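Q: I would like a close look at one part of this model. Please start from a single residue and work outward from there.
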Amino acid sequence: MKIYYLILIVFILISCTRRSENNLSSDEQLQSPVYELSEPVLDLESLLDMPKQENILFINFNQIQNVHRATWNIGGLVYRIRLQNEVNVHRWPLLESRTISTLRSNTVVEIVGVTENNAIFDGQEDYWVGITWGENSHGPQNYGWVLSSFLKLEGVFLTNLIINSSSINAQGNLVLNARHTINGIEREFYILPNKQEGYNNFTFFWDYRNENFHYSNRPGLYVWNEDTKELKHLSYIISDGFLNVPHIVTSGFRYLIKYLEQENWVGDIFVWNLNNGEIILRSRFHGPFELNGYVVKIAKYYDYFSYSSGWQNHEGDDNWIFRNPLSDEEKAFARNFLETNDIPAEYLENIRQNPSVGVVLFFILVEHNIDTNEGKIVGGVYIHGQF
């Protein structure tokens, strides 16, 4: 009888095991075959040269990980890992940086960067690792930093980026000729930079959205000087929203400014502090973008006028979108300007012809010092358009 029960138990265990294997998600079923490596360093180039349908995994640092090209078709190389425990994700690779998310166990993340210098956490040396997660058809939805010990990673290594020279490519674009080495194999490529006005400096973003990025890079904003050949990492700010938008790095590499001009309308301007990576200004500007030292001319929204209803948001402010409230002085200036300056006749004619969507907006023009956060009113402007 005991033998009968023993056989029955073994049969049940085998059945449960097969059933659980059949219930694996399609993502988990891809994790085959699995290879154990005696060395923590993998020949990444040989993996990338394999046919796309093969999904080769390896066991490293006590977890199953996967080296693959990013699925949103950026061509970069990343590490893929499934979390075993909950992990706090920081905005920047600093213990003092705010926590932006807590990821549950079993979340799949992709490792897309590492810091150059190690950190001290609970008396132990550790590294910050950049991760993305929550991928959709447009790419990863989230980006942040965690300590490698929370991912149970060891042996983190960094591959340095080297800029050789600048040149003009076949399309007539200015490019930086660059290279990096992985496992002793050198790869050459080029980067599209942003030339800084008045300096022989080229700035560029190097992160998971760049075609040639790989996980062992130090991601963020770089500057390269053509005269000295010096390459400097300025910030861990990544290129989201920057790749096709002009940007300026101020003197002393203190601030990053992104701006987007709009013909006959107001453009957008965003300013980051490169010391801590935090954004310090969101606003608009009218006409050509102007920067004088640390002073930018911005346009702060006050009110809009429609043909059928007149002024719609009197005593309004710029807080509803950009968290950029108007001062009492700016509101007083706006009231006086509206009382003493008529709307141009051609603007009124335009909204009469388009009564359902035509509007005239009023903006206060301010010279704003991004270093001191002080503003000086320099005028006002009517702008007409359509909602």
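Is Val381 buried or exposed, and at what relative accessibility?

A: Val381 counts as buried, at 13% relative accessibility. Buried means under 20% relative accessible area, exposed means over 50%, and partly exposed lies in between, with a 1.4 Å probe and protein chains only. The model is predicted: local features need pLDDT of at least 70, side-chain atom pairs count only at pLDDT 80 or more, and totals for chains, interfaces and linings use all residues. Residues are numbered from 1 along each chain as its sequence is written, and side-chain values use heavy atoms, with hydrogens and water left out.

Now the surroundings of Val381. This residue is found in strand 27, residues 374–386. Strands here are DSSP runs of E with at least two residues, helices are runs of H or I with at least four, and both are numbered from the N terminus. Leaving aside neighbours within four places in sequence, Val381 is in contact with His286, Phe337, Leu361, Phe362, Phe363 and Leu365. Contact means heavy atoms within 4.5 Å. Phe337 is 44 residues away along the chain, yet its C-alpha atom is separated from that of Val381 by 9.3 Å.

Phe337 leads to helix 5. Phe337 is one of the buried residues of this helix, along with Glu330, Lys331, Ala334 and Leu338. Seen down the helix axis, these buried residues fall within an arc of 125 degrees, so they line one face of helix 5. The arc is that of the directions from the axis to the C-beta atoms. An α-helix has 3.6 residues a turn, so residues three or four places apart point the same way. On the other side of helix 5, Asp328, Glu329, Glu339 and Thr340 are exposed. Helix 5 covers residues 328–340, 13 in number, and reaches 19 Å from its first C-alpha to its last. That is close to the expected 18 Å, where the expected span is 1.5 Å times one less than the number of residues.

Next, strand 26. Residues 358–369 make up this strand, and Glu367 has its place there. Glu367 is partly exposed, with a relative accessible area of 31%. Beyond four places in sequence, Glu367 is in contact with Val295, Val296, Lys297, Glu374, Gly375, Lys376 and Val378. The C-alpha atoms of Glu367 and Gly379 are 9.6 Å apart, with the two residues 12 places from each other along the chain.

Another place to look is the sheet of strands 15-16-17-18. These four form an open sheet in that order, with antiparallel pairing. Two strands pair if DSSP finds at least two bridges between them. Strand 15 (194–195) and strand 18 (231–235) stand at the edges with a single partner each, so one side of each is left without a neighbour in the sheet. Strand 17 (residues 220–225) is joined to strand 18 by four bridges. Tyr222 has His233 as its bridge partner in strand 18, and Trp224 stands opposite Leu231. Five residues lie between these strands in the hairpin. One residue of that loop is Lys229, whose phi near 65 degrees is a positive value in a residue other than glycine. Lys229 counts as partly exposed, at 46% relative accessibility.

In strand 16 sits Thr203. Thr203 is buried, with a relative accessible area of 1%. The side chain of Thr203 makes polar contacts with two others: Gln196 at 2.8 Å, and His247 at 2.9 Å. A polar contact is a pair of N or O atoms within 3.5 Å; within protein, one must be able to donate a hydrogen and the other to accept it, and residues adjacent in sequence count only if both atoms are side-chain atoms. Thr203 also touches Leu221, Tyr222 and Val223, among others.

Last, the nonpolar interior. The largest nonpolar core has 33 residues; Ile191, Phe204, Trp206 and Leu256 touch the most other members. Strand 16 and strand 17 are among the strands that each supply at least two residues of this core. A second, separate core of 27 residues includes Ile257, Tyr294, Ile298 and Tyr302. Such a core is a set of buried Ala, Val, Leu, Ile, Met, Phe, Trp, Tyr and Cys residues joined through side-chain atoms within 4.5 Å. Across the 387 residues of the chain, buried residues make up 44%.
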